[in-house]
Amino acid sequence: AVVSTQSTGTLLFLFEEARFCMRAMKCDTFLDLVVQKICCLENRAEIFVEPYMKHYTELETSQLDLMLQITKSNPVFLMKIMKKNLENEGKIFDETSRYLLQMLDLCKCISDDEASFEELFDILDSSTQSSDSDAAFVNKLYRRSTREFKKRMSMSSPGPSTVASSVSVKPSSSSVIPNIFCSFEPFRGLSAVEFLDAANESPLVLNMYMLIEGVMISLYCNQQWLTSMT
């Protein structure tokens, strides 16, 4: 019965009935089922979330939490609703908006729709000009979100060691892999002991044979490098 009809009126009725059952009977089974079915709807933002959040400043925290759960896979839904509401309500920043901002996965919002993210915070900047605490909160949240997004991006990007190790997966030649060390800035100018310490942490060293030959070749290359510097 839950999946057969997808009209806004039916979904709103089922959702509120499920919430009533949870409060009255202390059982959230029906609510979990309704939320699960709503999450399966591709148009859930237009047919349910947006109508339900039309006056989200009047909703309880428990209701907001359920909206966050329903839009978890695409938090841009709620971000755009917040933007629209702030524009229509005279850019009034209240506790409900503050709560939603804190709970939204803003890093994912940046990843999915950076333009809308920037537009929302442009509106928030003008909405919080009259309050130093609100302005500080928005500014801190913006910087934290963008910083975390950059961190996630850097972690997902392959580093130099990943590229280097992918070039030579197996030491099929005794001269290929050890020579890689000579072109790495961290290995230049090191003594044998210092080189061993550095190589111990390097993903390029796959076995003892590579380590020994790498030491010998790197010492020779370092000597050549020092000679060129004098």
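Helices, like strands, are DSSP runs numbered from the N terminus, where a helix is H or I with at least four residues and a strand is E with at least two. The structure is a predicted model, in which local features need pLDDT of at least 70 and side-chain atom pairs count only at pLDDT 80 or more, while totals for chains, interfaces and linings use all residues. Residues are numbered from 1 along each chain as its sequence is written, and side-chain values use heavy atoms, with hydrogens and water left out.

**Exercise 1.** Find how Phe117 and Phe121 are placed in helix α8 (residues 114-127), and state how many helical turns separate them.

*Solution.* Begin with the positions: because Phe117 and Phe121 are four residues apart in helix α8, about one helical turn separates them. Next take the rings, which pair if the centres of Phe, Tyr or Trp rings (for Trp, the six-membered ring) lie within 6.5 Å, and which count as stacked with planes under 30 degrees apart, edge-to-face over 60 and tilted for the rest. The rings of Phe117 and Phe121 lie 4.8 Å centre to centre with 45° between the planes, a tilted pair. Last comes accessibility, where buried means under 20% relative accessible area, exposed over 50% and partly exposed in between, with a 1.4 Å probe and protein chains only. Phe117 has 0% and is buried, and Phe121, at 3%, counts as buried too.

**Exercise 2.** Describe the surroundings of Phe137, starting from its aromatic pair with Phe93.

*Solution.* The structure holds seven aromatic pairs. One of them joins Phe93 and Phe137, which are tilted, at 6.3 Å centre to centre and 40° between the planes. This pair links distant parts of the chain, since Phe93 lies in the loop between α5 (76-88) and α6 (95-103) and Phe137 in helix α9 (residues 132-156), 44 residues apart. Both residues are buried. A charge sits over a ring if NZ of Lys or CZ of Arg is within 6 Å of the ring centre and within 35 degrees of the ring normal; the charged end of Arg98 sits over the ring of Phe137, 4.3 Å from its centre.

**Exercise 3.** Decide how many disulfides there are, and explain why Cys40 and Cys107 form none.

*Solution.* A disulfide is a pair of cysteine sulfur atoms within 2.5 Å, and by this rule the count is zero. For Cys40, the closest cysteine sulfur, in Cys39, is 7.0 Å away, which is too far for a bond; Cys40 is exposed, at 58% relative accessibility. For Cys107, the closest is in Cys109, 9.0 Å away and again too far, while Cys107 is buried at 8%.
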